[in-house]
Amino acid sequence: MAGDTARDDVDRIVTQWARERPELETGAMEVFGRINRLARIAGDLQEEVYARFGINRGEFDVLATLRRSGEPFQLSPKELSASLMLTSGGMTGRLDRLERAGLVTRSPDPDDRRALVITLTGRGREVADEAVVAGLAAQRELFDRLPVRSRERLADLLRDLLAAAGPG
């Protein structure tokens, strides 16, 4: 533990386990407990930001995936599902809400009449562009609480851990 780092709830939990089950190795719990708590904090923050645009985080993910796909800002539902690691049922619900809001359209695929393409509307592009800026600002505000050197080290360590965890 760093010398000047305040103790947190994860430390309390680890201390309790050490008292009750001293043979347990809890180093990974310290890391993943904090990652999970940070993910929840960041996720709640993102939900709050995206709500200002009338969307939730899952809907933002669809809009952002279409937006960053480049012109003509369209993908098949299957491509979207694969990119977002969603089932077709989960994707359908998101697309229904986004289509009702006028942010995406569904149309027949010109290359395969049995298939559909999902296209970002002009309004959908505006929402995606505005929401990504607001979302990044909120993330940056949280991240900027760390010194620059710590931010770089943390990003590198998390990249290493994610690579070690395997594809996904």
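User: How do you know that the end C-alpha atoms of helix 3 (residues 57-68) are as far apart as they should be?
Analyst: The expected span is 1.5 Å times one less than the number of residues. Helix 3 has 12 residues, so it should span 16 Å, and its end C-alpha atoms are 16 Å apart, which agrees. A helix here is a DSSP run of H or I with at least four residues, numbered from the N terminus. This is a predicted model, where local features need pLDDT of at least 70, side-chain atom pairs count only at pLDDT 80 or more, and totals for chains, interfaces and linings use all residues. Residues are numbered from 1 along each chain as its sequence is written, and side-chain values use heavy atoms, with hydrogens and water left out.

User: What lies at the start of helix 3, and what follows helix 3?
Analyst: At its start, a side-chain oxygen of asparagine 56 comes within 3.0 Å of the backbone nitrogen of glycine 58. After helix 3 comes glycine 70, with a positive phi near 85°.

User: Why is phenylalanine 32 called partly exposed?
Analyst: Buried means under 20% relative accessible area and exposed over 50%, with partly exposed in between (1.4 Å probe, protein chains only). Phenylalanine 32 has 39% relative accessibility, so it counts as partly exposed. Its place is in helix 2.

User: Which residues of helix 3 are buried?
Analyst: They are Gly58, Glu59, Phe60, Val62, Leu63, Ala64, Thr65 and Leu66.

User: Which helix gives the most to the nonpolar patch?
Analyst: Helix 7 does, with three residues. Helix 2 (27-51) and helix 7 (148-165) each supply at least two.

Key. A polar contact is a pair of N or O atoms within 3.5 Å; within protein, one must be able to donate a hydrogen and the other to accept it, and residues adjacent in sequence count only if both atoms are side-chain atoms.
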